[in-house]
Amino acid sequence: MSAKAFSVKSVVRPNILTLKPYRCARDDFSEGILLDANENAYGPALNPSSEAAAASSGLDIHRYPDPHQHDLKNLIAQFRGLIGPEHFFLGVGSDEVIDMVFRVFCVPGKDAILITPPTYGMYSVCAQINDVQVHEATLTLDGKFQLNINEIEKQIEAHPNIKIIFLCSPGNPTGSALTHESIRRVLTLPNYKGIVAVDEAYVDFIDASKEGSTSTWVKEYPNLIVMQTMSKSFGLAGVRLGVAITTPDIAFYMNSTKAPYNIASTTSRIAQEAFQPKALEILRNHIVVMTKERTRLLEAFKSISGLGRVLGTNDANFILVEVLNKEGKPCNERAFNIYQDMAKRQGLVVRFRGKEIGCEGCLRITIGTPEENDVVLKRLTEQLSRLL
Ligand SMILES: Cc1ncc(COP(=O)(O)O)c(C=O)c1O
């Protein structure tokens, strides 16, 4: 869609368009004797060593956190090749970012979204919570899991109330990055006037020789929201920080809708530390090791009899692999039994994904440490050598 054809005001929910966001004194003043927010002036009720630990790291945890998080947004902007905090909304994990997209754009009981299965389950869960219909355009089931543009167009024409198209690249559970060309085609569909949300939770795991993030495209496409997270490549799932990168217009509505202090000061502090040069070096090293381990597992899976094809293009930190029956066909029953037995008896938990379309008989296995991956290979070999 051209910048001219898209009007953000025509897709934002009417009640959000007229929303007067919550304002606090801290929006304007953050220094001095702060008696504006009914915080506890006596400090945190913690044992002295925990309090000292927080204080020594410069955290005022008895104060509400910064509602705007400009410093953190600037660091992310720099890392992603963007300028300025106005392109960002930060959420409690990208799960809050996903929910925020619904709350800003979809009128409950009226609007719809389009997803491209097999895909991340939270889009449908959030749709149900927000009373929003879900339409589907299945990915290609040729093992590559790419967008079926004709089907997307058909769905858009059949359901003019579709407000958001969720694309997941690299996909979960597919592990396949979508081609940039196909994402551009969705962004410029002539008959579509809604939002395209590209979930890039796993983007940093894509091989450098391939196409990477679309985050800088937000300067080009007025209807694009790129969603990222610090839970995966940054190894900070417990910190809960998700990121929406989008146009300043869309970011404005997302920020107006959020709870004022949604990002904890501890979260912000750790996230900011993760963008320091030394930390980024560790991030890159982790990705190098993970990539090597991914290649090692892919190679080793070839010689485990009873495993079938590895599906997708392996652009994330997991592998989606088929478990076969004795006829050599992908088999949900066997995959599920192995999943259960490994988890219950052997303390090895992977994910059974066989119920997802195009994933018959599949286990999704996260790439662990080299030692953990050795255990995966050993257990899978043992499990699959048992007679059926
Ligand atoms: C594709 C995708 N998006 C988003 C998320 C949620 O991430 P977060 O931990 O930031 O909420 C996940 C988590 O597994 C995911 O796979």
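This text walks through two helices, one loop residue and the ligand site of a predicted model.

Start with helix α13, which runs over residues 370–385. Its 16 residues reach 23 Å from the first C-alpha to the last, close to the 22 Å expected at 1.5 Å a residue. Six names make up the buried part of this helix: N373, V376, L377, L380, Q383 and L384. Viewed down the axis of α13, these buried residues fall within an arc of 140 degrees, so they line one face of the helix. The spacing of such residues along a chain has a simple background. An α-helix has 3.6 residues a turn, so residues three or four places apart point the same way.

What lies against the buried residues of α13? They pack against two helices, α11 (277–301) and α12 (332–346), and against the strands β8 (307–311), β9 (318–323) and β11 (362–366). On the face of α13 turned away from its buried side sit E371 and S385, which are exposed.

Helix α10, residues 265–273, can be read in the same manner. Its buried residues are S265, T267, S268 and A271. Down the axis of α10 they fall within an arc of 155 degrees, so here too the buried residues line one face of the helix. Part of what covers them is α4 (70–79).

Residues in loops can also be buried, as T214 shows. T214 is found in the loop between β5 (195–199) and β6 (224–229). Why does T214 count as buried? Buried means under 20% relative accessible area, and T214 has 1% relative accessibility, so it counts as buried. Leaving aside neighbours within four places in sequence, T214 is in contact with H180, I183, V198, E200, L224 and V226.

Now turn to the ligand. It is surrounded by 13 residues, and the closest are S94, D199, Y202, T229 and S231. Which atoms of the protein come up to oxygen atoms of the ligand? A polar backbone atom of S94 is 2.6 Å from an oxygen atom of the ligand. For D95, a backbone N or O atom lies 3.1 Å from an oxygen atom of the ligand. Y202 instead uses its side chain: one of the polar atoms there lies 2.7 Å from an oxygen atom of the ligand. On its own, the ligand has 400 Å² of accessible area, and the protein covers 92% of that.

Definitions and conventions
Residues are numbered from 1 along each chain as its sequence is written. This is a predicted model: local features need pLDDT of at least 70, side-chain atom pairs count only at pLDDT 80 or more; totals for chains, interfaces and linings use all residues. Side-chain values use heavy atoms; hydrogens and water are left out. Helices (H or I, at least four residues) and strands (E, at least two) are DSSP runs, numbered from the N terminus. The expected span of a helix is 1.5 Å times one less than its number of residues. Buried means under 20% relative accessible area, exposed over 50%, partly exposed in between (1.4 Å probe, protein chains only). The arc is that of the directions from the helix axis to the C-beta atoms. Contact means heavy atoms within 4.5 Å. A residue is near a molecule or strand if one of its heavy atoms lies within 4 Å of it. A polar contact is a pair of N or O atoms within 3.5 Å; within protein, one must be able to donate a hydrogen and the other to accept it, and residues adjacent in sequence count only if both atoms are side-chain atoms. Accessible areas come from the Shrake-Rupley method with a 1.4 Å probe; for residues, only the protein chains shown count as cover.
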